[in-house]
Every structure is written in C-alpha cells, then in structure tokens.
Amino acid sequence: MKKNSLLAPFSLLILALAVLASPPSTRAFVWEDFEQSDAAWYTNKFGGSRLMEGQVSTDFASSGKASFRGSFALPEKGGRLALTTLQGGDMTGLTAVVFDLYNSSPLDFEGFFVYKSGPDWKWHESTRFKLKPGWNKDVTIAVGQAGPVSIQAEFLDNMRELNFVLDANQAGEGYVYMDNLRLEGPDAARFAAAKADEQVKGQS
C-alpha cells in the first residue's frame, strides 16, 4: 500500500512536467467571414486577372451565411483570377493564413499567394497549390516558415497587400467564392483585431 502511495505523487509530477514541456497550441482567429456587406476585398486586373464583379454573396458559404464571390469567363488558353485586399499590418505573430474556396466551374486551378511588404512594396510569392472544382476547405499557406505551401517573406511587420491568385490553362466560366479566412499563430489576434482603417495604413 505504501508503494502505491509513493508512486502517486511521482506520477503527478511526471504528468505536470509533460504538460509544461508540450508546445503551445496553435491559435486561430477569423480574419474575415464576409458576413458584412463592406468586406475589404475586391477583384481587379492584378496580373491580368479576369475575375470580375467582386461582392459578398449568400450563394455558397462554408461558415455563416455569406462569402466573397467573383465571376469569370476564361478564353481558350485559360487565364488568371485574383482576389485582393489592401489591408495591412504586422504579421510577425502569424504562422499561417487559412481559407475555404468554392469553385463552381469544372476547371482545375493552380493557386498561389502574393504578399507585398515593406516601404517598397516588395513582391513575394508562395509555393503553388492545386484547387479542384467544388469546395476546397482549409487551404493553408504557412507564413515566414517552411511548409508544404509556404511563403518566405521579408518585412512581415509591414504587410501592404495580399493577393490570392488562381491560374487555369483552359477555357471555362463560373464563380469562385472565398470564405472563413483565418489567421493562425501565437499572436494572430493582434492582427485580426486591428481596425480596418489601421490595417489599410499598414499599422497594427
């Protein structure tokens, strides 16, 4: 009986040390759920993008009732689509940007992430990833670290512009819907909680 009573405190000590040694869990914050009509995202001619009529829509949503939609019609040789935000801020506390995207067309897309940062708006591209027809859930881009899809960017403390770019090599038309845009990292809340007017100015 004494042996068991001696082992109990020792077991509790081992458990406590294991908890202390465990890495902190990744925290995720919703940056944009597009439930408001004044989302700070838009479609433009970035890189020759053919995505048009960017607007909040209730057609397809992975979270809540709305998402951000753009329409496209690509010619015979395909083309490019881009979703853009000029929000800015300090991304040094982030480890990843995660989002859901619905592709209403039968086309397969190759996607990548363009990050512009610093006083000279320096251009950085992520590694490429595939997007299929239908839902593409939890598309993850690692920020400032190695990952299956990642971006090694400078001036993470001074983000100026983000673009999600989709390329196709054949003709097609339809819509893409982006939703549930999340930021992951130990200090993601600081960026996610920044006011829109502060983000546009590149402040955190």
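**Burial and contacts in the predicted model**

Ser126 counts as buried, because its relative accessibility is 6%, under the 20% cut-off. This value, like those that follow, comes from a predicted model. Ser126 sits in the loop between strand S8 (122–125) and strand S9 (129–131). Residues up to four places away in sequence aside, Ser126 touches Phe112, Phe113, Ile141, Val149, Ser150 and Ile151.

The protein as a whole has 3 helices and 13 strands. Of its 204 residues, 45% count as buried. The exposed area is about 10800 Å². Carbon and sulfur atoms supply 54% of that area. Among contacts with a separation of 6 or more, 76% join residues 24 or more positions apart.

The largest nonpolar core holds 39 residues. Trp41, Met91, Phe99, Phe109, Tyr115 and Phe164 touch the most other members. Strand S12 (residues 159–168) supplies the largest share of this core, with 5 residues. Another core lies apart from it. This second core has 5 residues, including Phe46, Ala82, Phe112 and Val114. Phe112 also appears among the contacts of Ser126.

The contacts of Trp41 were listed without its neighbours within four places in sequence. They comprise Trp31, Glu32, Phe34, Phe68, Leu83, Thr84, Thr85, Gln87, Leu162, Phe164, Met178 and Leu181. One of these, Phe164, is itself named among the core residues that touch the most other members.

Leu101 belongs to strand S6 (residues 96–103). Its relative accessibility is 2%, so Leu101 counts as buried. Beyond residues up to four places away in sequence, Leu101 touches Leu83, Leu131, Gly134, Trp135, Asn136, Leu166, Val176 and Tyr177. Leu83 is also in contact with Trp41. Leu101 and Arg69 are 32 residues apart in sequence. Their C-alpha atoms are 9.7 Å apart in space.

Arg182 lies in strand S13 (residues 172–184). With a relative accessible area of 14%, Arg182 is buried, because the cut-off is under 20%. Its side chain makes a polar contact with the side chain of Asp138, at 2.8 Å. A polar atom of the Arg182 side chain also lies 2.7 Å from the backbone oxygen of Asn180. Neighbours within four places in sequence aside, Arg182 is in contact with Phe29, Val30, Trp31, Ala96, Val97, Val98, Phe99, Asp100 and Asp138. Trp31 is in contact with Trp41 as well.

Conventions
Residues numbered from 1 in each chain as written. Predicted model: local features only at pLDDT ≥ 70, side-chain atom pairs only at ≥ 80, totals over all residues. Heavy atoms only, no water. Helix = DSSP H or I, 4+ residues; strand = E, 2+ residues; numbered from the N terminus. Buried < 20%, exposed > 50% of the residue type's maximum accessible area, 1.4 Å probe, protein only. Contact = heavy atoms within 4.5 Å. Areas by Shrake-Rupley, 256 points an atom, 1.4 Å probe, with all protein chains shown as cover. Core = buried A, V, L, I, M, F, W, Y, C linked by side-chain atoms within 4.5 Å. Polar contact = N/O pair within 3.5 Å; in protein donor to acceptor, adjacent residues only side chain to side chain.
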